[in-house]
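These are my notebook entries on a structure that I looked through piece by piece. I wrote down each thing I looked up in the order in which I came to it.

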Amino acid sequence: MTTPIAGLGSQSGLSFIDPTLLGGSSTSSPSVQGGTAFQKLLLQSLSQVNDMQLQSNAAVEELISGGSITQVETLSAVKKADLALKMMLQIRNQLLDAYNELQQVRI
Amino acid sequence: MLKSIDISTSGLEAQRQRMNTISANIANLNTTRDAEGNVAPFQRRLVTFQAAQDGPSDLGVGVTYQVEVDAGASPRRVFDPGHPDADPDGFVQLPNIDVITEFVNAMEASRAYEANVAAIEATKQMASQALRILA
Amino acid sequence: MQPIFQNTPLPLLELAARFGEQRQDVLAGNVANIDTPGYRTRDLPVEEFQKALTQAMAARSSHAPPGHYGPSAPVILQQLFPETLFRANEINSGHVTFQDGNNRNIEREVMEMTKNSLMQNMVIELMSAQFQMLQAAISGRA
């Protein structure tokens, strides 16, 4: 399900983070090198959230088309995807708040 | 989950059919003629149960039933010369149906029917409980 | 705006919910007519509907890159789910026809109604969960 957040992970890259920095190569400039591990973690988490959404969708469809999935498996897959998305949203909100705070510091 | 309702329903049908044969036996307790009017005492019917065929991924299987004529029950002979269907010796051939046995079977069928209904209720409960995962 | 919904299981869930609701009416009619002489048991075509669902899922994933969830195109859905799927037909259940011409089987009818309503509850809860997820993403508030 391509929600605004999950969709970011499934596309070729976030527009504001350069994906070439993910490898932590020595050619990257010092100011962004420290952030590479965190970016990697973030992108991984985003793609994990997306994967859980995909799994949840697959489980729902398996169930309604009479497949051999149990009811409980479907419901827990949906709930897990839901919680993962909400966790991601909170992380995003915290990051934005942190960024705004940092912006204030300069002034 | 929903398959278990199918299975319980096969049990319900089998028990109901059993009740039908028991009712037929009791109703024909003293029947001395068959449907065509020939002198042939009513043969007791009974129902045999068999587990349904196993599918490849079946965890539980339902039940199938067969209505059979009880070949082992030979008619009882009662001395009643005044009866229109008495044979030359004065004996009448009556069905070999014992009311007590039939009633006991009827009670058992009724309890089994209740048990299957309880199983369906339990399944329904489980299904609606499971929805609480989403809440 | 539509792709927001088409990229979720929602279109298929909506179809399943509609099918379930209409089927409940047909099955209730069967139970109500338990004693009607000459009444034949009717039902909606469940297996055909499930086949159509599977086909819709296959059509959708053939348009999407691997690992992605493609959109359910309304045109394809309209083709795969014609109105005939939602019309009740007499079913050949193989059950005994009684002397009044009615091929009743009360256990089967109650069972189908129970299964249908359990499935319907679940489909509706799943739809609600999908909507809630979309809402959480849109409002940015968990």
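**Entry 1: a proline in a loop**

I looked up Pro45(C) in this predicted model, and I found Pro45(C) in the loop between strand E1 (42–43) and helix H3 (46–62) of chain C. Is Pro45(C) buried, exposed or partly exposed? I counted 18 other C-beta atoms within 10 Å of Pro45(C), and because a residue needs 20 or more to be buried and 12 or fewer to be exposed, I noted Pro45(C) as partly exposed.

I then asked which residues Pro45(C) is in contact with, leaving aside its neighbours within four places in sequence. I wrote down Leu85(C) and Asn89(C). I also looked at Thr84(C), which is 39 residues from Pro45(C) in sequence, while the C-alpha atoms of Pro45(C) and Thr84(C) are 8.9 Å apart in space.

**Entry 2: chain C as a whole**

Stepping back, I listed five helices and two strands in chain C, and, reading from the N terminus on, I wrote the order of these elements as α-α-β-α-α-β-α. For the extent of chain C, I noted that the C-alpha trace spans about 65 × 30 × 20 Å along its principal axes. I set the radius of gyration of chain C, 19 Å, beside the value near 14 Å that a compact globule of 142 residues would have. Of the 142 residues of chain C, 32% count as buried. When I took the contacts in chain C between residues at least 6 apart in sequence, 74% joined residues at least 24 apart.

**Entry 3: where chain A meets chain C**

I turned next to the contact between chains A and C, which takes 21 residues from chain A and 22 residues from chain C. On the side of chain A that touches chain C, helix H1 (4–10), helix H3 (36–64) and helix H4 (71–106) each supply at least two residues, and the largest share, eight residues, comes from H4(A). Sorting that side of chain A by class, I found nine nonpolar, nine polar and three charged residues.

How do H3(A) and helix H2 (residues 10–32) of chain C lie relative to each other? I noted that their axes come within 11 Å and cross at roughly 25°; since angles under 35 degrees count as roughly parallel, I recorded H3(A) and H2(C) as roughly parallel to each other. I added that H3(A) passes H2(C) in a left-handed crossing. In this pairing, Val60(A), Glu61(A) and Ile64(A) of H3(A) meet Leu12(C), Leu13(C) and Ala16(C) of H2(C), and I sorted the residues of this contact into five nonpolar, no polar and one charged.

**Entry 4: chain B and its contact with chain C**

I also looked up the contact of chain C with chain B, in which eleven residues of chain C are in contact with 13 residues of chain B. The side of chain C that touches chain B divides into five nonpolar, two polar and four charged residues.

For chain B itself I listed two helices and four strands, in the order α-β-β-β-β-α from the N terminus on. The C-alpha trace of chain B spans about 80 × 30 × 20 Å along its principal axes, and the radius of gyration of chain B is 21 Å, where a compact globule of 135 residues would have a value near 14 Å. Buried residues make up 20% of the 135 residues in chain B. Lastly, among contacts in chain B between residues at least 6 apart in sequence, I noted that 61% join residues at least 24 apart.

Notes
Residues are numbered from 1 along each chain as its sequence is written. Chains are lettered from A and ligands numbered from 1 in the order in which they are written. This is a predicted model: local features need pLDDT of at least 70, side-chain atom pairs count only at pLDDT 80 or more; totals for chains, interfaces and linings use all residues. Two residues are in contact if their C-beta atoms, placed from the backbone, lie within 7 Å. Ala, Val, Leu, Ile, Met, Phe, Trp, Tyr, Cys and Pro count as nonpolar, Asp, Glu, Lys and Arg as charged, and the others, Gly among them, as polar. The radius of gyration is taken over C-alpha atoms; the globule rule is 2.2 Å times the number of residues to the power 0.38. Axes are lines fitted to C-alpha atoms, for helices over the stretch in contact, and angles run from 0 to 180 degrees between N-to-C directions. Angles under 35 degrees count as roughly parallel, over 145 as roughly antiparallel, 65 to 115 as roughly perpendicular and the rest as oblique. A crossing is left-handed if the near helix is turned anticlockwise from the far one by less than a right angle, and right-handed if clockwise.
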